[in-house]
Amino acid sequence: MNEARNHILKRLRTVQREAPDTNALPAIAGADAETLITRFRTALEAVRGEVHRLRDGDWMGWLARELPARGVSNLLAGTGKIGHTLQTHPIPGVTLHRYDRPVEDWKDALFEHIDAGITGCRGAIAATGSLILWPGPEEPRLLSLVPPLHIVLLDAANLHADLATAIRAQGWTQGLPTNALLITGPSKTADIEQTLTWGIHGPRELVVLVLG
Amino acid sequence: MNVPGPMTALRARVREALGKAPVRRNFRAAMDGIRAKRADALPDATDFAQRRARTAAIRARALARLPELLERLEQRLEANGIRVHWAEDAAQANAIVLDLLRQAGARSVIKGKSMVSEEIGLNDVLGEAGIAVVESDLGEYIVQLAGEPPSHIVAPAIHKNRHEVATLFQAHHPQREATEDIEGLTAEARQVLRARFAQADAGISGVNFLVAETGTLVLVENEGNGRLSTSAPPLHIAITGIEKVIERLDELPPLLDLLTRSATGQPITTYVNFISGPRRADELDGPREVHLVLLDNGRARIHADPLFADTLRCIRCGACINHCPVYVQVGGHAYGSVYPGPIGALLEPQRLGLEAGGSLTSACTLCGACGDVCPVAIPLPGLINQLRAEGVEPRTDSPLPDAGRLRHRGEALLWRLWAAIYAHPRRYRWLARLLTALRRLAPRRLGAWTRWREAPRPAARDLHRLAREAGFSDE
Ligand code: SF4
């Protein structure tokens, strides 16, 4: 369909128009770093995200207490550090599954039998309460999407004021992964009578453990 | 006088819509709610004005350099492993998608929300080819089950209430327990659609923004169906219009911010998905192939028109629709077009031609609400009014299809006559005197005018005379 391409581009080239200079626009004020965690928490809780502040090594203890209490018996983790820690410290009553093979080999089981998925993240955005995830071989895309409960470990040092700041600080233009994500709360819809309802296709619950 | 067919059809649809009291209640309630949410999310008018000056400039800049950006985008996408296809019209786009699906041997497709796919009638084409298509956005799923087109570009099933959805679900999922509760209905859809995601051979989605700098497709959504459609099946096909491209990634945050605040009053949607390539060899999930279909379908022609090119700045937030007093009364289906409301009244006549689409410009009171809320400052009321003019008194070499075709002789003659009288005080006074003298003969019925209103009756003494009597001079 190269012909279509050339026709379209030719049509578009029939006019020359002046391009406004967007660099001349006033800068948007940045946020103050002190309040980042509070802001992050407020924004995420407003969309039903659960936020817990823990000391660095305490997340395993939190999971051991909370997962059985929440009825999670099948937990899915990736092949990275988090999965490794979980494997070496099993939680009684919780079966650990590792996302270590192509999804095609076990798609039905993934969709039907997993209660919770746990991932890390690249950081978060305070202004909107958003988590930044770059899924990859160690933490595949569906790990944060298919299980009804998604637990995320966030290093408090990786909070950014807003998306623009995060994009700059993390050098997104230097190369993005095949899939990058912002996640702000559990899945939701308002398609019936504009009534907000949680957990339509993605996770019903999102829990963020802020570490450090 | 021959009233053009589309006008009669529009009137008939409007009459029908106005007769459906329950549907009108659904629209009224939904629009009131969504307007309040937007107002809460953008409380400060000065701040909004500043923000939209930026987003308007970003979109205008991208459009001014559109061919260059598209080439850059194509180059980056191909380097990232995403195949790019170009389609001049709906038929070409449909053929490309069908071809890709056939090559992959795909029999079932799960779809994320895409207005462009509605524009090209993709579902019908795939259905006829024996490929099962399931819409996965809850609203789209509901209208698909009902066999209806979406009635809103952001909230497709906004015209239905929970009871109608419950009846529909009962008919289509008879094995499931009946419920009228919104949470129950949502849970039901989740269960039914989960199986579809797991089994689908391909996913089809729209795109909100294309970033030329990084070769990235940006998708914005709340449900997670967009992520599932683009990451669970082995093949992902995205389709969108050629106008969606922006130059740099750092231009995205201000656009995203105003898009979601304008659309639903949210500071951000639950998911913002950046797709920059298919699954790599070491990855364990994601589509093995990603394709992007870039659709022209009249957009390049609009782009070349200096008067209307701003139409393409649109980021499809739906705010103009939510704030339109006509849309609130008649709903989306009355327009009979893919895109309803003010953006529909502006876009559809340009896309389909004034003969087929021009009647939509009459579904506008020129109140200006749409122009006030548009996050990219498209002067909608002014442009809609210009389109009306193009129908009857076009610019010389107007590129609009059917420009001037809505002119009709009787009307033109009447206006000329009026102009001849109104421009001369003496003639005007003479006419006023004549009308007041003959006021008892004024007809009680004046065709369309008196269908909903009373016939005007000249007063016993005209305004000029009253003014003179009160001591004002004509000078
Ligand atoms: S015209 Fe403006 S307000 Fe209407 S959908 Fe497009 S961007 Fe939104």
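Two residues are said to be in contact when heavy atoms of theirs lie within 4.5 Å. With that in mind, this report describes a predicted model, beginning with chain B and its cores and then turning to the sheet of chain A.

**Chain B as a whole**

Chain B holds 23 helices and 10 strands, and its C-alpha atoms fill a box of roughly 90 × 55 × 45 Å along the principal axes. Of the 475 residues in this chain, 55% are buried. Among the contacts in chain B that join residues at least 6 apart in sequence, 72% link residues that are at least 24 apart.

One pair of residues brings distant parts of the chain together: B:A9 and B:S359 are 350 residues apart along the chain, and their C-alpha atoms are separated by 9.3 Å. B:A9 belongs to helix α1 (residues 5-18) of chain B, and because its relative accessibility is 32%, B:A9 counts as partly exposed.

**Cores and a helix pair**

In soluble globular proteins, nonpolar side chains tend to be buried together. Here the largest nonpolar core has 120 residues, and the members that touch the most other members are B:L70, B:L101, B:L217 and B:L292. Helix α5 (residues 90-103) of chain B gives this core its largest share, seven residues. Leaving aside residues up to four places away in sequence, B:L292 touches a set of residues that includes B:L73, B:L77, B:I82, B:V84, B:V207, B:L210, B:L217 and B:A238, and also B:R83, B:H85 and B:T240. A second, separate core of 36 residues has among its members A:L145, B:A166, B:A189 and B:A198.

Elsewhere in chain B, the axes of helix α2 (residues 21-41) and helix α12 (residues 252-264) come within 6 Å and cross at roughly 145°. In this contact B:I34, B:K37, B:R38 and B:A41 of α2(B) meet B:R261, B:S262, B:A263 and B:T264 of α12(B), and these residues divide into three nonpolar, two polar and three charged.

**The ligand in chain B**

Which residues of chain B surround the ligand? They are B:C314, B:I315, B:R316, B:C317, B:G318, B:C320, B:I343, B:C374, B:P375, B:V376, B:I378 and B:L380. By class, this shell has 10 nonpolar residues, one polar and one charged.

**The sheet of chain A**

In chain A, six strands form an open sheet with parallel pairing, in the order β1-β12-β7-β4-β2-β3. Strands β1 (50-54) and β3 (95-98) stand at the edges with a single partner strand each, so one side of each is left without a neighbour in the sheet. Neighbouring strands are turned by 25° against each other on average, direction ignored. Helix α4 (residues 81-88) of chain A packs on this sheet, where it touches β2, β3, β4 and β7 of chain A, and its direction makes about 145° with that of β3(A).

Strand β4 (residues 116-119) of chain A is covered on both faces, for A:A116 and A:I118 on one side and A:G117 and A:T119 on the other are all buried. This strand pairs in the parallel sense with β2 (residues 74-77) of chain A over three bridges, and four bridges join it, again in parallel, to β7 (residues 149-155) of chain A. The table lists residues of β4(A) with residues that stand opposite them in the neighbouring strands.

| Residue in β4(A) | Opposite residue | Strand of the opposite residue |
|---|---|---|
| A:G117 | A:L76 | β2(A) |
| A:G117 | A:H150 | β7(A) |
| A:T119 | A:V152 | β7(A) |

Conventions: Residues numbered from 1 in each chain as written. Chains lettered and ligands numbered in written order. Predicted model: local features only at pLDDT ≥ 70, side-chain atom pairs only at ≥ 80, totals over all residues. Heavy atoms only, no water. Buried < 20%, exposed > 50% of the residue type's maximum accessible area, 1.4 Å probe, protein only. Helix = DSSP H or I, 4+ residues; strand = E, 2+ residues; numbered from the N terminus. Pairing = 2+ DSSP bridges. Near = heavy atom within 4 Å. Nonpolar A, V, L, I, M, F, W, Y, C, P; charged D, E, K, R; others polar. Axes fitted to C-alpha atoms, helices over the stretch in contact; angles between N-to-C directions. Core = buried A, V, L, I, M, F, W, Y, C linked by side-chain atoms within 4.5 Å.
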